[in-house]
Amino acid sequence: MTKILKLNKISKVADKEFPSSYTLTEECDAPEGIILRSFKMHDYPLPESLLCVARAGAGVNNIPLDKCADKGIVVFNTPGANSNAVKELVTCMLFMCGRRLYPAMNWAQGLKGTEDIAKQVEDGKKAFIGGEVLGKTLGIAGLGAIGSKLAVTALALGMKVIGYDPGMTPERLKAIGDVTMVSLEEMFKQADFISLHVPYNDSTKNMINEKAIATMKDGVNIINCARGELVDNGAIVAAVKSGKVNRYITDFPCEEVLGVDGIIATPHLGASTPEAEDNCAYMAAKQMVDFIENGNIVNSVNYPALKKERTGNRRLCVCTKDVDDIKALLKKEGVNVDDMAEAHRGAYGYAVVDTHCNCDCKADKFVNVKGILKARFIG
Ligand code: MLT
């Protein structure tokens, strides 16, 4: 039995993707795979048996990517699988920045009396006048799966869209449409609305800070459905209180931002739709099974992509570190490397070798080979 440990509740759609020889469990000591959503794995012990971790979602800041890579554990995510759900929530938030729906709805709920409610409504509604998005400029930081979908929607709503994404290619930009790519500094200066869609890492931590906010337009609106850590909470609270920022809408509530007039918080709802949960579970399970069964790597965040048709009766899979030429290394170890593929990502490398022999050669022989982190045969 191949054991898959679930560290969070995962849509049942995943179950169907695992062969009958797999068991999905919420508790086990020696799993071959781990599937999770937001469970924080940084202090989680990584068992020797573990081959891969699949994140049913996009963000991977809850997983120790380097620690996993150093143990030859391949980590996957599911880019794009929940992008429509997040895009829809951000679109809703765009409207909520201008239209004062949240306080207006609370006010309307509190109306009392039967006959004079209509009068109270007409008298009171002027307190909730809010602006439209049509013709305004939306700045999108990060035009990946979510950011690019949002750009298409915003253009259809009649907004001007500017974007910041160092990884943008002419082909991708052409597919998105009429988006002007600018520097982050220029985006801050020009945008009426800013939506964040970048991963959280050392270089993006607190990218919305006091200095950045000072360069923005007065009355700017900021939406954060990416990660809470991208925004300096002290700076945003001060900016909202001073009126520099009109609205801050975040999907990551924390003590500092709660209860501040002008800040709206939702409880990490971006991907919480049944459709997104199904899509992520399906994609995570499929990638995991293809890796465990065939050694193929698709959508890894710590190892290179490598997909090769199975051509032999056994396949050797090898994860390496600081090895420039895996072929040469395996050849030196006596492996027939006539039918192999290798790929590299920074210091980490991955190779598959298809063999036609019927020997029962074990992968243990590679345990002490310098540069090889993990090796296994798929039979
Ligand atoms: C993601 O990273 O995909 C989203 O934040 C949603 C989630 O955490 O499941």
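A polar contact is a pair of N or O atoms within 3.5 Å. By that criterion, a polar side-chain atom of Arg-55, 2.8 Å from an oxygen atom of the ligand, makes such a contact in this structure. The model is predicted. Its protein chain holds 12 helices and 16 strands and is divided into three parts: domain 1 (1-82 + 272-303), domain 2 (83-265) and domain 3 (305-379). The points below begin with the ligand site and then turn to the chain as a whole and to selected residues.

**Ligand site**

- The ligand is surrounded by Arg-37, Ser-38, Arg-55, Gly-57, Ala-58, Gly-59, Asn-82, Arg-227, His-268 and Ala-271.
- By residue type, this shell comprises 2 nonpolar, 5 polar and 3 charged residues.
- Besides Arg-55, the side chain of Arg-227 places an N or O atom 2.9 Å from an oxygen atom of the ligand.
- Ala-58 approaches through its backbone, with an N or O atom 2.6 Å from a ligand oxygen.
- The ligand taken alone exposes 270 Å², and the protein buries 91% of that area.

**Two loop residues of the ligand shell**

- Asn-82 is situated in the loop between strand 5 (74-76) and helix 3 (83-98).
- Asn-82 counts as buried because its relative accessibility is 8%, below the 20% limit for that class.
- Leaving aside neighbours within four places in sequence, Asn-82 is in contact with Gly-57, Ala-58, Ala-271, Ala-276 and Cys-280.
- The C-alpha atom of Asn-82 is separated by 29 Å from that of Val-237, a residue 155 positions apart from it along the chain.
- His-268 occupies the loop between strand 12 (263-265) and helix 11 (274-294).
- The relative accessibility of His-268 is 38%, so this residue counts as partly exposed.
- Although His-268 is not a glycine, its phi is positive, at about 45°.

**Chain and domains**

- Along the principal axes, the C-alpha atoms of the protein chain fill a box of roughly 85 × 45 × 35 Å.
- Of the 379 residues in the chain, 49% are buried.
- The accessible surface of the chain comes to about 18600 Å², and carbon and sulfur atoms account for 53% of it.
- Among contacts between residues at least 6 apart in sequence, 62% join residues at least 24 apart.
- The centres of domain 1 and domain 2, taken over C-alpha atoms, are separated by 32 Å.
- The contact between these two domains takes 8 residues from domain 1 and 7 residues from domain 2.

**Helix 10 and its surroundings**

- Helix 10 spans residues 233-242, and its buried residues are Asn-233, Ala-235, Ile-236, Val-237, Ala-239 and Val-240.
- These buried residues pack against helix 9 (210-214), strand 10 (220-224), strand 11 (245-250) and strand 12.
- At the start of helix 10, a side-chain oxygen of Asp-232 comes to within 3.1 Å of the backbone nitrogen of Gly-234.
- After helix 10 comes Gly-243, which has a positive phi near 90°.

**Thr-250 in strand 11**

- Thr-250 belongs to strand 11, one of the elements against which the buried residues of helix 10 pack.
- With a relative accessibility of 1%, Thr-250 counts as buried.
- The side chain of Thr-250 reaches the backbone nitrogen of Phe-252 at 2.9 Å.
- Not counting residues up to four places away in sequence, Thr-250 touches Asn-224, Val-257, Ile-264, Ala-265 and Thr-266.

**Strand 13 and the loop that follows**

- Thr-320 lies in strand 13, which covers residues 314-321.
- Thr-320 has a relative accessibility of 0% and therefore counts as buried.
- Apart from neighbours within four places in sequence, the contacts of Thr-320 are Tyr-303, Ile-326, Ala-347, Tyr-348, Gly-349, Tyr-350, Gly-371, Ile-372 and Leu-373.
- Asp-322 is found in the loop between strand 13 and helix 12 (326-332).
- Asp-322 counts as exposed because its relative accessibility is 60%, above the 50% limit for that class.
- The phi of Asp-322 is positive, at about 55°, although this residue is not a glycine.

Conventions. Residues numbered from 1 in each chain as written. Predicted model: local features only at pLDDT ≥ 70, side-chain atom pairs only at ≥ 80, totals over all residues. Heavy atoms only, no water. Near = heavy atom within 4 Å. Polar contact = N/O pair within 3.5 Å; in protein donor to acceptor, adjacent residues only side chain to side chain. Areas by Shrake-Rupley, 256 points an atom, 1.4 Å probe, with all protein chains shown as cover. Nonpolar A, V, L, I, M, F, W, Y, C, P; charged D, E, K, R; others polar. Helix = DSSP H or I, 4+ residues; strand = E, 2+ residues; numbered from the N terminus. Buried < 20%, exposed > 50% of the residue type's maximum accessible area, 1.4 Å probe, protein only. Contact = heavy atoms within 4.5 Å. Domains from an automatic or database assignment.
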